[in-house]
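Me: Could you take a close look at one part of this model for me, starting from a single side-chain contact and working outwards? I work at the bench, so please spell out the cut-offs as you go.

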Amino acid sequence: MKKYLSYFVFLAFLCNCKSYRNEFKDYEGDSFDHVKKKFLNFYNAEESKYSVLEFGNGFSGEKYTIINNREIIYDSILNTNPNYGHAKYIRINNLYDTKITDNSTGKKIIVKRNFAQKYKYIYVNRKREYLISSGLVSDSIKMGEK
């Protein structure tokens, strides 16, 4: 009898469990077209040869150097605004590789041109590791030291 009771309790436990699903979402499609157009116009990134890097969460006052087309396009401190989860937007020419260097740790991230040419918006987040994505969670790349 105890055996049947334990089976019943186990089956009741399984019936009450929920399975959670992961949902992947394309963030590039979330904004209205007029908002995207105004944003790209503000950063002079309307042409297909330009992409926009968005530095999001995890930046806390470290100095970064960003090189695109053999030119330093940014060489300063990045701080994430805790209210918005955003640090900085930077326009890049996606016909060239872009190198992002964390000067405090020496870590380097290369955003390859063939990746950048596919996407208008490229998100860079830093928690324990760097995470680069196109807004498509499934296209995310975790980057370490080079």
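Reply: Happy to! Let's start with one polar contact, meaning a pair of N or O atoms within 3.5 Å; within protein, one must be able to donate a hydrogen and the other to accept it, and residues adjacent in sequence count only if both atoms are side-chain atoms. Here the side chain of S51 reaches the backbone oxygen of A116, at 3.0 Å.

A word on the source: this is a predicted model, in which local features need pLDDT of at least 70, side-chain atom pairs count only at pLDDT 80 or more, and totals for chains, interfaces and linings use all residues. Residues are numbered from 1 along each chain as its sequence is written, and side-chain values use heavy atoms, with hydrogens and water left out.

Back to S51, which sits in strand β1. Helices (H or I, at least four residues) and strands (E, at least two) are DSSP runs, numbered from the N terminus. S51 has 0% relative accessibility and counts as buried; buried means under 20% relative accessible area, exposed over 50%, and partly exposed in between (1.4 Å probe, protein chains only). Contact means heavy atoms within 4.5 Å. Not counting residues up to four places away in sequence, S51 touches I90, R91, I92, N94, A116, Y119, K120 and I122. S51 also lies 5.8 Å from Y121, C-alpha to C-alpha, although the two are 70 residues apart in sequence.

One of those partners, N94, belongs to the loop between β4 (88-93) and β5. N94 is buried too, with a relative accessible area of 2%. Leaving aside neighbours within four places in sequence, its contacts include S48, K49, Y50, S51, R113, A116 and Q117. A116 therefore appears again: S51 touches it, and N94 does as well, with both of these residues buried.

Further along, strand β1 (residues 50-55) also holds E54. E54 is buried at 17% relative accessible area, and, with neighbours within four places in sequence set aside, is in contact with H86, K88, Y89, I122, Y123 and V124.

Now for the nonpolar surroundings. A nonpolar core is a set of buried Ala, Val, Leu, Ile, Met, Phe, Trp, Tyr and Cys residues joined through side-chain atoms within 4.5 Å. In the largest one, with 18 residues, L53, F55, F59, L78, I100 and I122 touch the most other members. At least two residues of this core come from each of β1, β2 (60-68), β3, β4, β6, α3 (113-116) and β7 (121-126). A second, separate core of six residues includes L40, A45, V52 and Y123. In soluble globular proteins, nonpolar side chains tend to be buried together.

How far can you trust the picture? pLDDT is the predictor's confidence in each residue, from 0 to 100. The protein averages 75, and 66% of the residues score at least 70. Among the elements, strand β3 (residues 71-79) has the highest mean pLDDT, 95, and strand β9 (residues 141-143) the lowest, 42. Over residues 135-146 pLDDT stays under 50, and the model has 34 contacts there beyond four places in sequence. Residues 13-26 also stay under 50, with eight such contacts. Where pLDDT is low, the predicted coordinates should not be read in detail.
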